[in-house]
Amino acid sequence: MYIYNSLSRKKEEFVPNVPGKVNMYTCGPTVYHYAHIGNLRSYIMEDILEKYLRYSGYDVKRVMNITDVGHLTSDADEGEDKMLKGAKREHKTVMEIAKFYTDAFFADCAKLNIKTPDVVAPATSCIDSFIEVISSLLEKGYAYEAGGNIYFDTSKLKQYYVFNDFKEDDLAVGVREGVEADDNKRNKADFVLWFTKSKFDDQELKWDSPWGIGYPGWHIECSCISMKNLGEYLDIHCGGIDNAFPHHTNEIAQSEAYIGHKWCNYWFHVHHLNTNSGKMSKSSGEFLTVSLLESKGYDPLVYRMFCLQSHYRKSLVFSYENLDNTVTAYNKLVAKISALIAQNDESAVDTESADTLRRGFTDALDNDLNTSLAITALYDLLKAKVSASTKLSLIKEYDAVLGLGLIEAAEKQLDEKADEAKSDDPFITEIEELIKKRRDAKAAKDYATADDIRKYLSEKGVTLIDTPEGTKYKID
Ligand code: AMP
Ligand code: ZN
């Protein structure tokens, strides 16, 4: 498999540190509000990557943090703590906000068929390991104390701007209008590892530390949670493209300073979902959430398909018009699969043809996770001249990666059709009415009527079967 590595800015063959095993880390959500569908685009594409690695035979361990402390509105060291902002907005405690929006996040993920990572760790549960790593960075001379806070000293590194599209001039932090420069920093790019003194006197969550009572910066949590659960050698680190700088740049700086060698080999960045008016936002314009889409009648899996129709390294524009086109495409796919299931083809799968067809799917995903071509491979399969059983077997395989719930949706459609057909059939209506009449007769101990009904139906070829859930029937 080839994946694009933001670190080398090239497509590279994926080779894990340990053959057959993949360690994967994902930056989790900041749980101060609902996730918008842009955030969820990143998690959908990361889910596909994980599922495809598993499909390809790798033993994957995936870890994700939950940011419930330390993420400031600027992504760097300026602005308000997002969690505190959420708590104030809703007149709740930070922990109440964190619990509510963590649950909401996983509820959205479930609707989108996004698998929960093997390990999910809230930052507030890992304070000890942050303190341990920060202490070591101080000892090694990579960090310094100033004005009560602990900072990472970026001048100690050979190369700080590893995702080279960024350079010092772009570093607006501290020079942006309305943002106060932090005079404690020795270098403009330095970042906070631990706050004890800050402008947030009302910071709710604080912990004791060797440097006084305070709280961690955002970046240290991902380095520590990853290293604690996945060790010093990470295969893949994922996140939205906005995380490349400063968040991931800072993660690399502090992790490699701590362990003394290269940390993560592949950096997988998902580009943004935007609206026609620009950046997706939780505070202005329509706040696009999964629940909002559902309230407008959209199946969340249609949104998943919408994401898969584009490459993860291209920004994607969301519009209801585009989503409606995906609804049509999804429904057509489901209808075609329903027709295949209805054939009740129990013949053996044609493994030779399946191997050839499967290649279209794996070639697409092996080429930097080209999900739109993988969907094309699904259409090609539907058109192929092979048996329904072969097609269905491959659709099940593909959908274990794509996660579009295609077989389930097709079966549901068939059940609904069967129910509709039944309700239109006078014979079925008569059977169901007689079953009700027989139940009432039995309740009234009128066994003669109940027996007559059984006999009458039996003569018409209908066998009644009494079960604990009620009376079922079989038509000969
Ligand atoms: P946050 O909850 O702000 O920490 O963000 C959660 C994830 O969503 C991170 O991986 C971000 O990089 C990603 N993200 C933020 N905005 C977007 C967007 N518009 N499109 C895709 N991913 C995004
Ligand atoms: Zn992170």
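## Around ligand 1

Let's start with the small molecule in this predicted model. Ligand 1 has 17 residues around it, and Thr30, Gly38, Ser42, Asp242 and Leu273 are the closest of them. How much of ligand 1 does the protein bury? Some polar contacts come before the answer. On the backbone side, an N or O atom of glycine 38 sits 3.1 Å from a nitrogen atom of ligand 1. Leucine 273 also uses a backbone N or O atom, this time 2.9 Å from a ligand nitrogen. Aspartate 242 works through its side chain instead: one of its N or O atoms there is 2.4 Å from an oxygen atom of ligand 1.

Now for the answer: on its own, ligand 1 would expose 490 Å², and the protein buries 93% of that.

## The whole protein

Stepping back, the protein has 476 residues, and 51% of them are buried. You can count 15 helices and 16 strands in its secondary structure. Along the principal axes, the C-alpha atoms fill a box of roughly 95 × 55 × 40 Å. As for the outside, the protein exposes about 22000 Å², with carbon and sulfur atoms supplying 50% of that area.

The chain splits into domain 1 (2–270), domain 2 (298–411) and domain 3 (425–475). Going by C-alpha atoms, the centres of domain 2 and domain 3 are 43 Å apart. And who touches whom? Take the contacts in the protein with a sequence separation of 6 or more: 75% of them link residues 24 or more positions apart.

## Two nonpolar cores

In soluble globular proteins, nonpolar side chains tend to be buried together. Here, the largest nonpolar core has 137 residues, and Leu49, Ile236 and Tyr303 have the most contacts inside it. Which helix gives the most to this core? That would be helix H1 (residues 37–55), with nine residues. Domain 1 (2–270) and domain 2 (298–411) each supply at least three residues to this core.

There is another core apart from this one, made of seven residues, including Ile431, Ile435, Ile453 and Leu457. Back in the largest core, isoleucine 236 is a good residue to click on. Leaving out residues up to four places away in sequence, isoleucine 236 touches a long list of partners, among them Ile3, Phe14, Val22, Leu49, Leu53 and Phe268. Asn23, Met24, Tyr25, Cys264 and Tyr266 are also among the residues that isoleucine 236 touches.

## A look at helix H2

Helix H2 covers residues 82–90, and its buried residues are Lys82, Met83, Leu84, Gly86 and Ala87. What do they pack against? Their partner is helix H3 (94–111).

Both ends of H2 have something to show. At the start, a side-chain oxygen of aspartate 81 comes to within 2.7 Å of the backbone nitrogen of methionine 83. After H2 comes histidine 91, with a positive phi near 50°.

## Serine 209 in its loop

Serine 209 is part of the loop between strand S8 (191–195) and strand S9 (215–216). Is serine 209 buried or exposed? Its relative accessible area is 10%, so serine 209 counts as buried, since the cut-off for buried is under 20%.

The serine 209 side chain also has a polar partner, reaching the backbone oxygen of glycine 212 at 2.6 Å. Setting aside neighbours within four places in sequence, serine 209 is in contact with Ile131 and Trp194.

Terms used. Residues numbered from 1 in each chain as written. Chains lettered and ligands numbered in written order. Predicted model: local features only at pLDDT ≥ 70, side-chain atom pairs only at ≥ 80, totals over all residues. Heavy atoms only, no water. Core = buried A, V, L, I, M, F, W, Y, C linked by side-chain atoms within 4.5 Å. Buried < 20%, exposed > 50% of the residue type's maximum accessible area, 1.4 Å probe, protein only. Helix = DSSP H or I, 4+ residues; strand = E, 2+ residues; numbered from the N terminus. Domains from an automatic or database assignment. Contact = heavy atoms within 4.5 Å. Near = heavy atom within 4 Å. Polar contact = N/O pair within 3.5 Å; in protein donor to acceptor, adjacent residues only side chain to side chain. Areas by Shrake-Rupley, 256 points an atom, 1.4 Å probe, with all protein chains shown as cover.
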